[in-house]
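Visitor: I have a model open and some bench questions. Can you walk me through it?

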Amino acid sequence: MKKSFAKEFLLKPAAFLLTALLLVNTTKASVISYKKNADGVTFKLDKGLMNVKICKADIVEVKYTIFDAFPAKNSLVVNNPWAGKTSFTVTERSGQIVITTPRLNISINKANNAITYTNKKGEIIVAEGTENKSMTPSTVAGISTYSCTTNFNSPADEALFGLGCHPEDSLSINYKGRNQEMLIKYMTGAIPVMLSNKGYGILWDNYAASNFYGAEAGNTQYKYVSESGKMIDYYFFYGPDFDRIIDLYRTASGRAPMFPKWSLGLFQSQDKYTRQDEILGVKDNYRNNHIPVDAIVQDWYWWSPLPMGSHVMDNGRYPNPKAMIDELHKANMHAMLSIWPVFGSGTRDFDDLKSKGFLTSITWDNFVTHTYDTYYDAHNPKARQRYWEQARDSVIKRYGWDAWWVDQCEPDNGSLLDERRKAVFSVGKGIDYFNTYSLEHSKGLYKGWRADIPGKRAFLLIRQSFAGEQRNAATLWSSDITCTFASLRNQIPQGINACVSGIPYWTSDIGGYLSRVDKDGIPDWSQPKYRELFTRWFQFGTFSPIMRIHGKGERALFSKNWDEKTRTILLNYDKLRYRLLPYTYSLAAKVTNDNYTIMRSLAFDFRNDKNVYNIPDQYMFGPAFLVNPVTKPMYTPSNADAIAKTRQVYLPKGNKWYNFWTGEALEGGQTIDATATIETMPLYVKAGSVVPMGPNIEYATQNPGGAIELRIYAGTDGSFKYYEDENDNYNYEKGNHATFSFKWNDKLHQLTITDRKGTYPGMPKKRIFNIVLVKEGHGENVDISSKADKSVSYTGQQMVVKL
């Protein structure tokens, strides 16, 4: 398309709409010529341009536009400058232009510019469809723009995962054969990252509202359609293992920093604590009853009666916020505060932002005050900086808060989505940045925290996420879900797919946020049906990356709403979470250092086992645990006596599996009816696992030199890398941390503990490892084993232990 035509179209879209539609849709763009560049190949087409950039041997960026020049673009997702060059060659044969890298062959069909990716064996990984990349003039919300579509072939045995968290989606975990709305709004998410069992991943670097269609052309193709854009822009990653794909994705878009160790313990939250003495009472009830917990959360409207965005804690209800937080710190607890990116008019901070031009036209219909409160422009770097300074000086640094709850950051303006499209950000129209508000908002918070809060690692709990968000120390939570078993069932595949999308930390409100059938949305947690729901959700939460109690109604573990049986079960899982901290903290380090994923779709570890592709409610938690939440009521329905207290569990093939609760060993490749009494969430451990379990503690950093029970699940070789550091600062980035590995030789029944590498202030010089070789009735369950098979003292030098 000529530049003059493009300019004329933008000036007079109606006059050229039909012509443009015919031009785009009836003629395929063929290659006229091409030129090799230092980092790729640029193709001149008979309609527009295409560029294939070789970022790495297994990362490829593809751009396509119908114009005769690529539009300037500063990616909000990909922050890697690709300074190092990758060697590649370009050849031409049989109507194909072939780009060859050390890991890929990338073939471009000269007739229609369709790209086919093959491995070094010549096997097709994925191929664009004949109708591969297209831009179609369209009008959305009165805005003249282009709809951008990318189409890929998809064989019958393909399985597709990722695309973010969609909290109310009750469909399968596998997107093959189904569609998904990809626009961020209240209760709907979008992370445009998808992984295939065929060994590749795709990142669509477009920020407009979009749709994924997974059943095109008789379910032989899928396509991604963005409602607005000036070009097609996507990244291709070749694994073929899922861990490798996620590694490449985070290589492109940024690593996740380490969270503080305390954040891997239990968060206690409620909608909402309203007074200083109430929060301190929660602290006392947990500590006096010796219940493990690490954080207490102050949810919204701590500023009332002042307008939203005032950043002033009401003095009548919070007479001394700093003293309150100091008391929490003395009790080895941490404090998280909810602050929104929305401002009521008439406040000091509203006026300050407005005077600088830092507010948008996007408003939230505040159902509490019946006002329309205004969002600031999170896409503006200066506005982000000013927003951070306001909150830093008013509450965060002033009082010593430890974490930030980033609520209401879609932005949420109800059903008025066209107003978001028509809004003007500093970088352009809202239609082209529809999905990136939370990404840019969290960018400013993380940058400010790193600069101004020394000694504390940033922790952001965020209601919406987008590709790249992991680099901003953000944990995605699944928003305002309901207190039902149906909602619990939905959370499991959504958590799994959020993590498949490259976001390593995800959580849900344990028990659900609100009831749609009870007065004021508050369930009566003393009712048996709600006790059963909370118990099952708490079991699931124990094996979520972040563990949080939150929602309407009193549900703290000390609550009188729980009968003794319920409380005993809850405390047992709470204890398990804390005993597993040596395991989970080591995995958190693996997330940061190796781009690992803790909450793992079964396709990560069993990609070639087709039986796992459509299981929505099983996942791996790290390398060892197969987690199988119970998502249906068994004890409180009217026919409870007739309901079997079991759930089906598929044990992936090629492995032996141990029942965590009994130590019984079972062969993989079978589906079993696993015991699922109210006390038991079926939990299995893969043979070859080495699982470090700490002492019984009440907060994450208690007893740092305590004995470690090392459970070994025999049957094959295995290993585990143990990580430790100062727990809550950024000195680990300067090398202040230590690691050593456990290596199990199954044939020799021999455990090697390697030399310790590294050191840090306060590091225990000696560790006691109580080694337990798990078998039925030995090394099972939550409690510390009464008798170890061997006990060794480790001082940092390699040692070999024969069992």
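Guide: Sure. By class, the lining of the second largest cavity has six nonpolar residues, five polar and one charged. Bear in mind that this is a predicted model.

Visitor: What is the volume of that second largest cavity?
Guide: About 50 Å³.

Visitor: Which residues line it, the second largest cavity?
Guide: One stretch of the lining is Cys-165 and Pro-167, with Gly-189, Ala-190 and Ile-191. The lining also takes in Arg-463, Gln-464 and Ser-465, then Leu-476, Trp-477, Ser-478 and Ser-479.

Visitor: How many cavities of 30 Å³ or more does the structure hold?
Guide: Six. The largest cavity has about 60 Å³ of space.

Visitor: What lines the largest cavity?
Guide: Cys-148, Thr-150, Trp-204, Asp-205, Asn-206, Tyr-224, Ser-226, Met-231, Ile-232 and Asp-233. Five of the lining residues are nonpolar, three are polar and two are charged.

Visitor: Which elements each supply at least two residues of that lining of the largest cavity?
Guide: Three strands do: β10 (143-153), β16 (221-226) and β17 (232-238).

Visitor: Now pockets. What is the volume of the largest pocket?
Guide: About 440 Å³. Its lining has 28 residues, and the closest to the centre of the pocket are Lys-590, Pro-623, Ser-719, Phe-720 and Lys-721. Elements giving two or more residues to the lining are α14, β39 (690-693) and β41 (718-724).

Visitor: Which element gives the most to the lining of the largest pocket?
Guide: Helix α14, with seven residues.

Visitor: And how do the residues of the pocket lining divide by class?
Guide: Eleven are nonpolar, ten polar and seven charged in the largest pocket.

Visitor: Let's stay on α14. Is α14 enclosed or open?
Guide: Largely enclosed by the rest of the structure, because eleven of its 14 residues are buried. The buried run starts with Leu-581, Pro-582, Tyr-583, Thr-584, Tyr-585 and Ser-586. Leu-587, Ala-588, Ala-589, Val-591 and Thr-592 are buried in α14 too.

Visitor: What should α14 span at 1.5 Å a residue?
Guide: Helix α14 covers residues 581-594 and should span 20 Å. Its end C-alpha atoms are 19 Å apart, which agrees.

Visitor: What follows α14?
Guide: Asn-595, with a positive phi near 60°.

Visitor: How many residues does α13 have, and how far does it reach?
Guide: Helix α13 runs over residues 564-579, so to speak a 16-residue helix. From first C-alpha to last, α13 reaches 22 Å, close to the 22 Å expected at 1.5 Å a residue.

Visitor: Which residues in α13 are buried?
Guide: Thr-566, Arg-567, Ile-569, Leu-570, Tyr-573, Asp-574, Leu-576, Arg-577, Tyr-578 and Arg-579.

Visitor: I've got Ile-678 on my list. Where is the place of Ile-678?
Guide: In the loop between β37 (670-675) and β38 (683-686).

Visitor: Buried or exposed, that Ile-678?
Guide: Ile-678 is buried: its relative accessible area is 10%, and the cut-off for buried is under 20%.

Visitor: What does Ile-678 touch?
Guide: Leaving out residues up to four places away in sequence, Ile-678 touches Glu-532, Thr-535, Arg-536, Gln-539, Lys-565, Ile-569 and Tyr-635. Of these contacts, Ile-569 is among the buried residues of α13.

Visitor: Another loop residue: where is Ser-310 found?
Guide: Ser-310 sits in the loop between β19 (295-298) and α6 (321-330). Ser-310 is buried, with a relative accessible area of 9%.

Visitor: Which residues does Ser-310 touch?
Guide: Trp-303, Thr-347, Arg-348 and Asp-349, not counting residues up to four places away in sequence.

Visitor: Last topic, strands. How many bridges join β5 to β6?
Guide: Five, and the two strands run antiparallel. Strand β5 is residues 89-93 and β6 is residues 96-100. Thr-89 stands opposite Thr-100 in β6.

Visitor: What do β5 and β6 form?
Guide: A hairpin, with two residues between the strands. In the turn, Ser-94 has a positive phi of about 50°.

Visitor: And how many bridges join β6 to β7?
Guide: Five again, for β6 and strand β7 (residues 105-109), also antiparallel. Val-98 has Ser-107 in β7 as its bridge partner. β6 and β7 form a hairpin with four residues between them.

Definitions and conventions. Residues numbered from 1 in each chain as written. Predicted model: local features only at pLDDT ≥ 70, side-chain atom pairs only at ≥ 80, totals over all residues. Heavy atoms only, no water. Expected span 1.5 Å × (residues − 1). Buried < 20%, exposed > 50% of the residue type's maximum accessible area, 1.4 Å probe, protein only. Contact = heavy atoms within 4.5 Å. 1 Å grid on protein atoms, 1.4 Å probe; cavity = no way out; pocket = protein on both sides within 12 Å on 5 of 7 lines; lining within 4 Å. Points joined across faces, edges and corners; volume = space filled by probe spheres on them. Nonpolar A, V, L, I, M, F, W, Y, C, P; charged D, E, K, R; others polar. Pairing = 2+ DSSP bridges.
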